[in-house]
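Colleague: Could you take me on a close look at one part of this model, the charged side chains and what surrounds them? I am in my first year, so a friendly walk from one residue to the next would suit me well.

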Amino acid sequence: LFQSGSCGGPSLSQHASGLEVFEGVESVLLPCRDSSVPRSHTLVWRRYDLNSPIIHQRSRAGDKLSDQHRRYRSRTSVKTNALQTGDFSLTLRKPRLSDSGTYTCTVTAIGNTRTLTTVQLQVKGQQQTLTPPVDKGQRLSH
């Protein structure tokens with residue numbers, strides 16, 4: 001279901017990707033990988049369209065969620081060894097329609113901030129369960 005990392009060489013360009021999920025699924029993984037990042041850095045996932053843009057923040061000391069947007073409390077995580085492995089992918093649990101937007105994965109090291117990737121997340125409603133497709137006229141009244 002998930003694609004493996006395709007950052008083979010040095011990642012000089014910004015990567016962008018799009019994801020579509022239905023509301024109510026268990027979780028969605030927003031991919032962000034980069035093995036060329038210095039180890040002493042801070043990882044931040046943001047949504048710049050929100051008044052409080054921080055979705056998840058991790059430094060060597062661990063998660064720093066005091067500035068996290070309240071809508072995302074207890075619903076985000078990154079792997080515990082993310083800073084060592086370069087896999088900064090964000091797991092967002094129980095995505096909601098209001099989670100649709102552009103997520104930016106950045107790292108800050110020695111005062112320099114670099115954008116690693118941008119993910120466009122589209123969370124869709126569950127309308128397909130309310131209106132099943134009409135199949136060969138079987139749903140017509142008799």
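**Arginines, their partners and the core**

Modeller: Let's begin with arginine 58 and aspartate 63, which form a salt bridge whose closest N and O atoms are 2.6 Å apart. Keep in mind as we go that this is a predicted model. The two partners sit in unlike surroundings: arginine 58 counts as buried because its relative accessibility is 7%, while aspartate 63, at 42%, is partly exposed. There are also salt bridges that share partners, and these join Arg33, Lys79 and Asp87 into one network.

In total, the structure holds nine salt bridges. Another of them is between arginine 47 and aspartate 49, with 2.7 Å between the closest N and O atoms. Here arginine 47 is buried, since its relative accessible area is 3%, and aspartate 49 counts as exposed because its relative accessibility is 52%. The cut-offs help here: buried means under 20%, and exposed means over 50%.

Now look at arginine 114, whose side chain meets that of aspartate 34 in a salt bridge of 3.7 Å, N to O. Arginine 114 belongs to strand E9 and aspartate 34 to the loop between E2 and E3, so this pair ties together parts that lie 80 residues apart in sequence. In this pair the arginine is partly exposed, because arginine 114 has 32% relative accessibility. Aspartate 34 has 4%, so aspartate 34 counts as buried.

Next comes arginine 75, found in the loop between E5 and E6. With a relative accessibility of 6%, arginine 75 counts as buried. Its side chain makes a polar contact of 2.9 Å with the side chain of aspartate 99. If we leave out residues up to four places away in sequence, arginine 75 touches Thr91, Leu92, Arg93, Lys94, Pro95, Arg96 and Asp99.

One name on that list, Arg96, is worth following. Arginine 96 lies in the loop between E7 and E8, and at 37% relative accessibility it counts as partly exposed. With the same four-place neighbours left out, arginine 96 touches Glu23, Arg71, Arg75 and Val123. Arginine 96 also has a spatial relation to glycine 125: the two are 29 residues apart in sequence, and their C-alpha atoms are 8.4 Å apart in space.

From the charged residues we can step over to an aromatic one. Tyrosine 103 touches arginine 47, which we met above, as well as Leu30, Trp45, Arg46, Ile55, Tyr72, Leu92, Thr117, Thr118, Val119 and Leu121, not counting residues up to four places away in sequence. Leu92 is also on the contact list of arginine 75.

Of these contacts, Tyr72 deserves a second look. The structure holds one aromatic pair. That pair is tyrosine 72 with tyrosine 103, in an edge-to-face arrangement: the ring centres are 6.3 Å apart, and the planes are at 90 degrees. Tyrosine 72 sits in the loop between strand E5 (62-63) and strand E6 (76-77), and tyrosine 103 is in strand E8, so the pair links distant parts of the chain, 31 residues apart. Both tyrosine 72 and tyrosine 103 are buried.

Tyr103 leads us straight into the largest nonpolar core, which has 23 residues. Tyr103 is among the residues with the most contacts inside this core, along with Leu43, Trp45 and Phe88. Many elements contribute here: strand E2 (27-30), strand E3 (42-46), helix H1 (82-85), strand E7 (90-93), strand E8 (101-109) and strand E9 (112-124) each supply at least two residues. E9 gives the most, with four residues.

Finally, see how some of the strands are arranged. E2, E7 and E6 form an open sheet of three strands in the order E2-E7-E6, with antiparallel pairing. E2 and E6 stand at the edges, each with a single partner strand, so one side of each has no neighbour in the sheet. E2 and E7 are joined by four bridges and run antiparallel. In this arrangement, leucine 30 stands opposite leucine 90 in E7, and Leu30 is also one of the residues that tyrosine 103 touches.

Key. Residues are numbered from 1 along each chain as its sequence is written. This is a predicted model: local features need pLDDT of at least 70, side-chain atom pairs count only at pLDDT 80 or more; totals for chains, interfaces and linings use all residues. Side-chain values use heavy atoms; hydrogens and water are left out. A nonpolar core is a set of buried Ala, Val, Leu, Ile, Met, Phe, Trp, Tyr and Cys residues joined through side-chain atoms within 4.5 Å. Buried means under 20% relative accessible area, exposed over 50%, partly exposed in between (1.4 Å probe, protein chains only). Contact means heavy atoms within 4.5 Å. Rings of Phe, Tyr and Trp (its six-membered ring) pair if their centres lie within 6.5 Å; planes under 30 degrees apart count as stacked, over 60 as edge-to-face and the rest as tilted. A polar contact is a pair of N or O atoms within 3.5 Å; within protein, one must be able to donate a hydrogen and the other to accept it, and residues adjacent in sequence count only if both atoms are side-chain atoms. A salt bridge is a side-chain nitrogen of Lys or Arg within 4 Å of a carboxyl oxygen of Asp or Glu. Two strands pair if DSSP finds at least two bridges between them.
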